[in-house]
Amino acid sequence: MNQFFNTISNQIRMRKGLFLILIISTIVIIVLGVISAINFDGGILPIDLSNIAFIKYLKGDCGVFFLIFGTLLNLIIFYSLILVFCCKRFLIPFAIIFYLYFVYSQIVIFTSIILIYGFFNTLILLLLLLIYILLEIIMLMFFILFLLNFTDCFGYFKSCFTFNNSILILLSISLLIVSILFCVVLIVLKSFVILLIF
């Protein structure tokens with residue numbers, strides 16, 4: 001565990017400038033996402049809540065399979081886009097744009113839930129969702145930082161996921177586990193009628 005945190009701190013030190021840019025741009029996008037959801041009903045890039053897997057599940061419009069499949073599919077799409085666009089140096093800005101859009105969409109969903117269903121009515125869901133969003137944002141940020149070690153490298157995809165480079169494998173597995181845990185907690189809470197959205 002110490003080695004894991006040491007590797008992350010070394011990576012942050014090595015890419016201090018990019019890490020700072022990611023932190024600042026993430027904060028700016030979070031603010032824009034909140035403003036957008038409040039003032040412009042989703043803004044320039046509206047998010048349709050009726051298509052969000054966990055909202056549909058809590059409303060009773062879909063089952064467990066769609067909840068897990070939809071949640072994982074959403075994550076895998078952004079994960080794959082970031083992975084692909086980090087393969088070449090000139091494509092990295094697109095990877096960052098997809099990362100920032102992921103952050104934007106999650107914040108718009110989070111804020112829209114408060115506006116539509118009320119803060120106290122969805123307090124447990126909001127706390128769970130906040131933890132889930134923060135973990136995903138942090139892990140995707142580190143994912144980008146570590147991918148840059150292999151940008152422009154021959155055999156990029158193979159190099160990223162060799163056993164010698166366990167950190168990217170660990171981050172990828174952690175992203176999947178966090179998403180599955182989020183779904184499992186939702187299923188448990190709904191089965192005890194603690195979480196429902198009408």
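A salt bridge is a side-chain nitrogen of Lys or Arg within 4 Å of a carboxyl oxygen of Asp or Glu. In this predicted model, one such interaction is present. The partners are Arg-89 and Asp-152, whose closest N and O atoms are 3.6 Å apart; because this value falls within 4 Å, the pair satisfies the criterion. The bridge links distant parts of the chain, with 63 residues separating its two ends. Arg-89 belongs to the loop between α4 and α5, whereas Asp-152 belongs to the loop between α6 and α7 (156-160).

The helix α5, which follows the loop of Arg-89, also takes part in a helix pair. Two packed helices are described by the angle between their axes and the distance between the axes. For α2 (residues 16-39) and α5, the axes come within 8 Å and cross at roughly 35 degrees, and the crossing is right-handed. On the α2 side, the contact residues include Leu-18, Leu-22, Ile-29, Ile-30, Gly-33 and Ile-38. On the α5 side, Ile-96, Tyr-99, Val-103, Ile-107, Thr-111 and Leu-115 are among them. By class, the contact comprises 16 nonpolar and six polar residues, with no charged residue.

Attention now turns to open space in the model. Rolling a probe the size of a water molecule over the atoms shows where empty space is left. The largest pocket has a volume of about 420 Å³, and 20 residues line it. Nearest its centre lie Asn-51, Ile-52, Ala-53, Asn-74 and Ile-109. At least two lining residues come from each of α3 (53-59), α4 (64-85), α5 (92-117) and α6 (123-147). Helix α4 provides the largest share, seven residues. The lining of this pocket consists of 12 nonpolar, six polar and two charged residues. Helix α5 thus appears both in the contact with α2 and in the lining of the largest pocket.

Key. Residues are numbered from 1 along each chain as its sequence is written. This is a predicted model: local features need pLDDT of at least 70, side-chain atom pairs count only at pLDDT 80 or more; totals for chains, interfaces and linings use all residues. Side-chain values use heavy atoms; hydrogens and water are left out. On a 1 Å grid over the protein atoms alone, a cavity is a set of points where a 1.4 Å probe fits but cannot get out, and a pocket is an open set with protein on both sides within 12 Å along at least five of seven lines; lining residues have an atom within 4 Å of a point. Grid points are joined across faces, edges and corners, and a volume is the space filled by probe spheres set on the points. Helices (H or I, at least four residues) and strands (E, at least two) are DSSP runs, numbered from the N terminus. Ala, Val, Leu, Ile, Met, Phe, Trp, Tyr, Cys and Pro count as nonpolar, Asp, Glu, Lys and Arg as charged, and the others, Gly among them, as polar. Axes are lines fitted to C-alpha atoms, for helices over the stretch in contact, and angles run from 0 to 180 degrees between N-to-C directions. A crossing is left-handed if the near helix is turned anticlockwise from the far one by less than a right angle, and right-handed if clockwise. Contact means heavy atoms within 4.5 Å.
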